[in-house]
Amino acid sequence: MSLRPTIVATLGAVALLAAPAAHAQGLQVDGYPAGLQVGGGVVTPIGAAGGSSGIGWDVGGTADLEFRPGLAIRAGYLYGRFGAGETVAASETGALPLRGKAQMHLGLVDLVWKHGLREREATLYVFGGPLVAYRRVTITNPSGDGSANLVPVGVCEPQWLQCSPAPLPYHLALGIRRSTDLGASAGAGISVDVGLRARLFAEARVIFVDGPAFRDAAGAKRSSDATYVPVFFGLRFQ
């Protein structure tokens with residue numbers, strides 16, 4: 001799935017506006033070195049999350065402040081969308097199809113450790129910290145057939161934020177499910193000075209989201225915990 005043109009244009013505009021200022025004097029806050037990053041990439045759900053949705057994409061940005069040489073605090077926002085996943089809901093008349101399409105908003109805070117290479121032409125860094133995730137899943141009927149709307153079905157797909165302990169009408173299994181959860185992430189990256197008033201960066205992280213739990217028809221506990229691996233590329237100004 002390609003990035004929306006409006007999102008790409010917005011990130012590009014931010015980059016163009018930030019570059020001259022970064023080149024002229026370097027970004028600083030109260031005398032402390034600062035940096036801005038904007039970019040996008042690919043997100044791979046793994047584990048249970050990987051069985052419920054496809055590979056997706058994300059865009060976002062971060063701002064950091066180096067409070068001690070080699071140590072910085074960073075805050076950021078990421079928006080991601082994932083390929084649709086499909087499953088079936090069991091009923092007495094047979095299996096009925098369901099499709100779930102997920103998106104996620106992430107607010108992140110990281111502690112970053114940096115190490116300069118080759119006289120600071122390149123910088124390696126590792127990071128980690130807490131996050132807040134807002135997940136939104138839209139569940140639809142891929143067949144478009146409304147004749148089965150009142151057929152009772154059993155549905156338990158925790159990654160779609162839905163698990164009914166008792167059968168419910170098929171049309172009630174459709175709709176939008178939301179959850180706001182805490183989590184954590186950690187990763188590593190590299191930025192390289194390319195002489196374009198900015199630096200190119202690439203980073204990857206592992207994200208864990210601690211989601212709500214559900215009870216299925218057998219009374220067993222089912223978790224919506226999710227793990228994702230985004231690989232992110234973009235421009236850094238500092």
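Reader: Quick one to start: does Ala 186 count as buried, exposed or partly exposed?

Author: Partly exposed, with a relative accessibility of 41%. Bear in mind that this is a predicted model.

Reader: Where is Ala 186 found?

Author: In strand β12, which covers residues 175–193.

Reader: And what is Ala 186 in contact with, if we skip its neighbours within four places in sequence?

Author: Phe 127, Gly 128, Ala 204, Arg 205 and Val 206. For Gly 128 there is also a distance: the C-alpha atoms of Ala 186 and Gly 128 are 3.9 Å apart, although 58 residues separate the two in sequence.

Reader: OK, zooming out. How many helices and strands are there in the protein chain?

Author: One helix and 16 strands. The chain has 238 residues, and 42% of them count as buried.

Reader: What share of the contacts join residues at least 24 apart?

Author: 64%, taken among contacts between residues at least 6 apart in sequence.

Reader: Now the core. Which residues have the most contacts inside the largest nonpolar core?

Author: Leu 98, Leu 106, Val 153 and Tyr 228, in a core of 33 residues. At least two core residues come from each of β4 (71–82), β6 (96–117), β7 (122–140), β13 (199–210) and β16 (226–237).

Reader: Which strand gives the most to this core?

Author: β6, with seven residues.

Reader: Take Leu 98, then. What does Leu 98 touch, not counting residues up to four places away?

Author: Quite a list: Gly 85, Glu 86, Thr 87, Ala 89, Ile 139, Thr 140, Pro 142, Val 155, Trp 160, Tyr 170, Ala 173 and Leu 174.

Reader: Switching to holes. How many cavities of 30 Å³ or more does a search of the whole structure find?

Author: Three. The largest cavity holds about 100 Å³ of space, and the second largest about 60 Å³.

Reader: Which residues line the largest cavity?

Author: Its lining is made of Ala 49, Ser 52, Ser 53, Phe 82, Ala 102, Gln 103, Met 104, Arg 135, Val 137, Gln 159, Trp 160 and Tyr 228. Two elements, β6 and β7, give two or more residues to that lining, and β6 gives the most, with three. You have already met two of these residues: Tyr 228 is among those with the most contacts inside the largest nonpolar core, and Trp 160 is one of the residues that Leu 98 touches.

Reader: How does the lining of the largest cavity split by class?

Author: Seven nonpolar, four polar and one charged.

Reader: And the second largest cavity, which residues is that one lined by?

Author: Asp 58, Thr 62, Leu 78, Glu 203, Ala 204, Arg 205, Pro 230 and Phe 232. By class, that lining has four nonpolar, one polar and three charged residues. β3 (56–68), β13 and β16 each supply at least two of the lining residues, with β13 giving the most, at three. Ala 204 and Arg 205 are also among the contacts of Ala 186.

Reader: Cysteines next. Which ones does a disulfide join?

Author: Cys 156 and Cys 163, with 1.9 Å from S to S. The structure holds one disulfide.

Reader: Why is the disulfide left-handed?

Author: Because the torsion about the S-S bond of Cys 156 and Cys 163 is about -90 degrees.

Reader: Is Cys 163 buried or exposed?

Author: Buried, at 11% relative accessible area. Cys 156 is partly exposed, at 26%.

Reader: Let's do the loops. Where is the place of Ser 224?

Author: In the loop between β15 (221–223) and β16. Ser 224 is buried, and its relative accessible area is 0%.

Reader: What is Ser 224 in contact with, neighbours within four places aside?

Author: Arg 135, Pro 158, Gln 159, Leu 161, Gly 211, Pro 212 and Phe 214. Arg 135 and Gln 159 also appear in the lining of the largest cavity.

Reader: Last one: is Ala 218 buried or exposed?

Author: Exposed, at 73% relative accessibility. Ala 218 is in the loop between β14 (213–215) and β15. From Ala 218 to Pro 165 is 7.4 Å, C-alpha to C-alpha, and the two are 53 residues apart in sequence.

Conventions
Residues are numbered from 1 along each chain as its sequence is written. This is a predicted model: local features need pLDDT of at least 70, side-chain atom pairs count only at pLDDT 80 or more; totals for chains, interfaces and linings use all residues. Side-chain values use heavy atoms; hydrogens and water are left out. A disulfide is a pair of cysteine sulfur atoms within 2.5 Å. Buried means under 20% relative accessible area, exposed over 50%, partly exposed in between (1.4 Å probe, protein chains only). A nonpolar core is a set of buried Ala, Val, Leu, Ile, Met, Phe, Trp, Tyr and Cys residues joined through side-chain atoms within 4.5 Å. Helices (H or I, at least four residues) and strands (E, at least two) are DSSP runs, numbered from the N terminus. Contact means heavy atoms within 4.5 Å. On a 1 Å grid over the protein atoms alone, a cavity is a set of points where a 1.4 Å probe fits but cannot get out, and a pocket is an open set with protein on both sides within 12 Å along at least five of seven lines; lining residues have an atom within 4 Å of a point. Grid points are joined across faces, edges and corners, and a volume is the space filled by probe spheres set on the points. Ala, Val, Leu, Ile, Met, Phe, Trp, Tyr, Cys and Pro count as nonpolar, Asp, Glu, Lys and Arg as charged, and the others, Gly among them, as polar.
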